Amino acid sequence: MLIELPEQCTQGAIENLWRKNRKAVKGLKAADSLSLDADRVQFLDGTGEAFVIALYRASAKQGFAIQCRDAQGVVARTLEQFDPARFAESSPGQFVRKRGTKLLVQLGESAVGLWNDMVDEFAHFGATVVALLRLLFSPHRLRWRDFWLNFERAGMDALPITMLVGFLIGLILAFMSAASLKQFGVEIYVADLICIGLFRELGPIITGIILTGRSGSAFAAELGTMKVNEEIDALTTFGLSPTEFLTLPRVLAATFVMPTLTIFSILSGLVGGAFVLLSMDIPAVAYCQHIAGSLSLNNALFGLGKSMVFGFLIGQVGCTQGLRTGRTADAVGRAATASVVGSLVLITIFDGGFAVLAYFMGF
Amino acid sequence: MNQAVITVTDLTAGYGKPILNHVSFEVREGEIFVILGGSGCGKSTILKHIIGLQPPLSGEIRILGDRIFGGDAAEAQRARRHFGVMYQSGALFGSMTLLENVCVPLESFTALPPDARRLLALMKLEQVGLKEYATFFPAEISGGMRKRAAIARSLALSPQILFLDEPSAGLDPITSAELDRLILRLRDEQRMTVVMVTHELPSIYAVADRCVMLDREAAGMIATGVPSELRDNPPSEKVRAFFNREPERKKTTDEVMK
Ligand SMILES: Nc1ncnc2c1ncn2[C@@H]1O[C@H](COP(=O)(O)OP(=O)(O)OP(=O)(O)O)[C@@H](O)[C@H]1O
Ligand SMILES: [Mg+2]
């Protein structure tokens, strides 16, 4: 078999040659021989060099001989630069990094990973609490500028979406419950229902979900990018604790933003409920009376206290995931995802805990 | 004399605000052209303009006759096919191994079969001494190795013109000398034109055919020519100081008093 290299061995020419001869070269046996004519070659680029090496590599593997005519010395030059033996692939996947693993290994790894996650989460939680306690004695240590910046970004900027969602939830809740209660002629009790529902459960939870998606993930992405850029390492070498410098302002901002946003979402929810009831010809005065009657200080404090805890959790999980990020861009994405998932799970668990607590305390 | 592959005509470079004014030079086929100047004088900026990441504020840049800005999309695409770039920060894709990184341009610009692409990528990694690290992720290798991997990636398509932004920063003297050898070989054997930014004087004398020197205070170019000639007959005090590695001279108290 004969392969003739053209005068100008540029990428396009070699591509064709390579594809045309691939099968035939693969089929060569030990007894065969291959003539490689490189006499005319004026110019051999990187692709051409790779083609030459590929032929010699195949010859070593399959045992056929190569007779080479190389008046210009380009083949010799290539062989001198690249030793074909060094590019032999002993196994097909030798140069491919294995990504997937066995199912059982994966299971084990994710279990260990989950455990490490929890341990890490606790360690960061502890660090935050310690930093908070220290803050009590020296409030000037907090980076107040960061605190207000995050308060604005996580809070004020989220006001429109929180109010919109709150309004719609109130509207939907009122509609659905009014349909059932109407059968008994007591639609007016919809007011009690949405008032208690919003204050105790829906307000904090809806706001928590919004804050998680908007700000918890943003914390994780921001700190994660800092980690990738080695900014966190730089902080540490300056003797600044990332917990105090980065986590604390964000966690505190989230903790105080949550009740503020929750109040607004509850109020818009009540307005949404009013829309439905007014459309059912229930007087606004009666609606307000029922709201005032069913709203107790306990309910209000319970809901707001809960929302503060949620805010703390969201900030804490977001920052922890950010600080634990790996060193690559996709790790930042994974940190953001993990922060959202972690926050939602924790919010649900804590909400259940609060329900049990309220039951026993008789709230 | 060889034909010009890059011509820069009366370029004003900058990001909205001009940083360099009235820059004109040309790079000829098969030469190693170095862009010199102090830190922050706009070397990376001018490189960004040439490779088409920033539009010129005024003036014109042509790569083998084609413009990236000022012409149509086909002309820009043609101009882009001619060159490979190594960015100052490396810019490797973090979620891919080194081998996969080098394969990226091969996958999008060639029709080579997968095993051919792999062999070609391995050979490029071998050229920069990183074949043993083919399956590593960028986060798992050192800064200098990342730089070399980025060079391997910029070489993957055997471009006619190669742009290197500080290729030898962060490399030890031996690796840096090997890099110089590689650059010379690319020019001699593959007729590649190399445009690079570097501060390393030994490397400049070893490889550079010609250079252009930029300056921040002058906001433009202050010299162009053959490095060793500029060193021996510096046209200005600044150029002399650069080649003699002198710190900028402060006026003495006496001079100030006068
Ligand atoms: N993205 C940008 N936007 C605005 N100004 C920029 C931007 N990047 C750089 N500059 C400015 O342009 C000037 C030149 O920067 P450039 O990065 O080109 O310097 P350089 O010569 O490459 O320096 P070095 O040797 O340190 O890499 C600097 O004064 C810098 O402030
Ligand atoms: Mg630069």
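**Exercise 1. Classify D209(B) by its relative accessible area, and trace the salt bridges that involve R187(B).**

*Solution.* The structure is a predicted model.

Step 1. The relative accessible area of D209(B) is 25%. The cut-offs are under 20% for buried and over 50% for exposed. D209(B) is therefore partly exposed.

Step 2. D209(B) and R187(B) join their side chains in a salt bridge, with an N to O distance of 2.9 Å. This pair connects distant parts of the chain, 22 residues apart: D209(B) sits in the loop between α7 (201–207) and β8 (210–215) of chain B, and R187(B) in helix α6 of chain B.

Step 3. R187(B) also meets D188(B) in a salt bridge, at 3.0 Å from N to O.

Step 4. The accessibility classes are then assigned. R187(B) has a relative accessible area of 18% and is therefore buried. D188(B), with 52%, is exposed.

**Exercise 2. Identify the protein donors of the magnesium ion (ligand 2) and locate them in chain B.**

*Solution.*

Step 1. The protein donors are the OG atom of S44(B) and the OE1 atom of Q88(B), at 1.9 to 2.4 Å from the ion.

Step 2. The two residues are 44 positions apart and belong to distant parts of the chain. S44(B) is in helix α1 (residues 43–50), whereas Q88(B) is in the loop between β5 (83–86) and α3 (98–109).

Step 3. Q88(B) has 36% relative accessibility and therefore counts as partly exposed.

**Exercise 3. Describe the side-chain directions in β5(B) and the pairing of β5(B) with β6(B).**

*Solution.*

Step 1. In a regular strand, side chains alternate between the two faces of the sheet.

Step 2. From β5(B), F83(B) and V85(B) point one way, while G84(B) and M86(B) point the other way. All four residues are buried.

Step 3. The partner of β5(B) is strand β6 (residues 161–165) of chain B, and the two pair in the parallel sense over four bridges. Within this pairing, L164(B) of β6(B) is opposite M86(B).

**Exercise 4. Determine the surroundings of T97(B) and the packing of α3(B).**

*Solution.*

Step 1. T97(B) belongs to the loop between β5 and α3 of chain B. Its relative accessible area is 1%, so T97(B) is buried.

Step 2. When residues up to four places away in sequence are not counted, T97(B) touches R97(A) and R99(A) from chain A, and A134(B), T135(B), F136(B) and F137(B) from chain B.

Step 3. The buried residues of α3(B) are L98(B), L99(B), N101(B), V102(B), C103(B), P105(B) and L106(B). They pack against α4 and α5 (143–155) of chain B.

**Exercise 5. Characterise the contact between chain B and chain A by area, residues and polar pairs.**

*Solution.*

Step 1. The two chains bury about 3100 Å² between them, with 55% of this area on carbon and sulfur atoms. On the side of chain B, the residues that lose the most area to chain A are L119(B), M123(B) and E189(B), which together make up 19% of what that side buries.

Step 2. Chain B contributes 36 residues to the contact and chain A contributes 31 residues.

Step 3. Between the chains there are 13 residue pairs in polar contact (both at pLDDT 80 or more). The elements of chain B that give two or more residues to the side touching chain A are α3, α4 (114–127) and α6 (173–190). Of these elements, α4(B) gives the most, with ten residues.

Step 4. Four salt bridges are counted between chain B and chain A. One salt bridge joins R22(A) to D115(B), with the closest N and O atoms 2.7 Å apart. In addition, a network of salt bridges links R86(A), E126(B), K131(B) and E132(B).

**Exercise 6. Examine the sign of phi at E230(A) and D10(B), and state where each residue lies.**

*Solution.*

Step 1. Most residues other than glycine have a negative phi.

Step 2. E230(A), which is not a glycine, has a positive phi of about 65 degrees. The residue lies in the loop between α7 (190–228) and α8 (231–237) of chain A. At 49% relative accessibility, E230(A) is classed as partly exposed.

Step 3. D10(B), also not a glycine, has a positive phi of about 45 degrees. D10(B) is placed in strand β1 (residues 4–15) of chain B. With 38% relative accessibility, D10(B) is partly exposed.

Technical notes: Residues are numbered from 1 along each chain as its sequence is written. Chains are lettered from A and ligands numbered from 1 in the order in which they are written. This is a predicted model: local features need pLDDT of at least 70, side-chain atom pairs count only at pLDDT 80 or more; totals for chains, interfaces and linings use all residues. Side-chain values use heavy atoms; hydrogens and water are left out. Donors are N, O and S atoms within 2.8 Å of the metal (3.2 Å for Na, K and Ca); water is not among the atoms, so sites may look incomplete. Buried means under 20% relative accessible area, exposed over 50%, partly exposed in between (1.4 Å probe, protein chains only). Two strands pair if DSSP finds at least two bridges between them. Contact means heavy atoms within 4.5 Å. Buried area is the accessible area (1.4 Å probe) that two parts lose on being put together, summed over both. A polar contact is a pair of N or O atoms within 3.5 Å; within protein, one must be able to donate a hydrogen and the other to accept it, and residues adjacent in sequence count only if both atoms are side-chain atoms.
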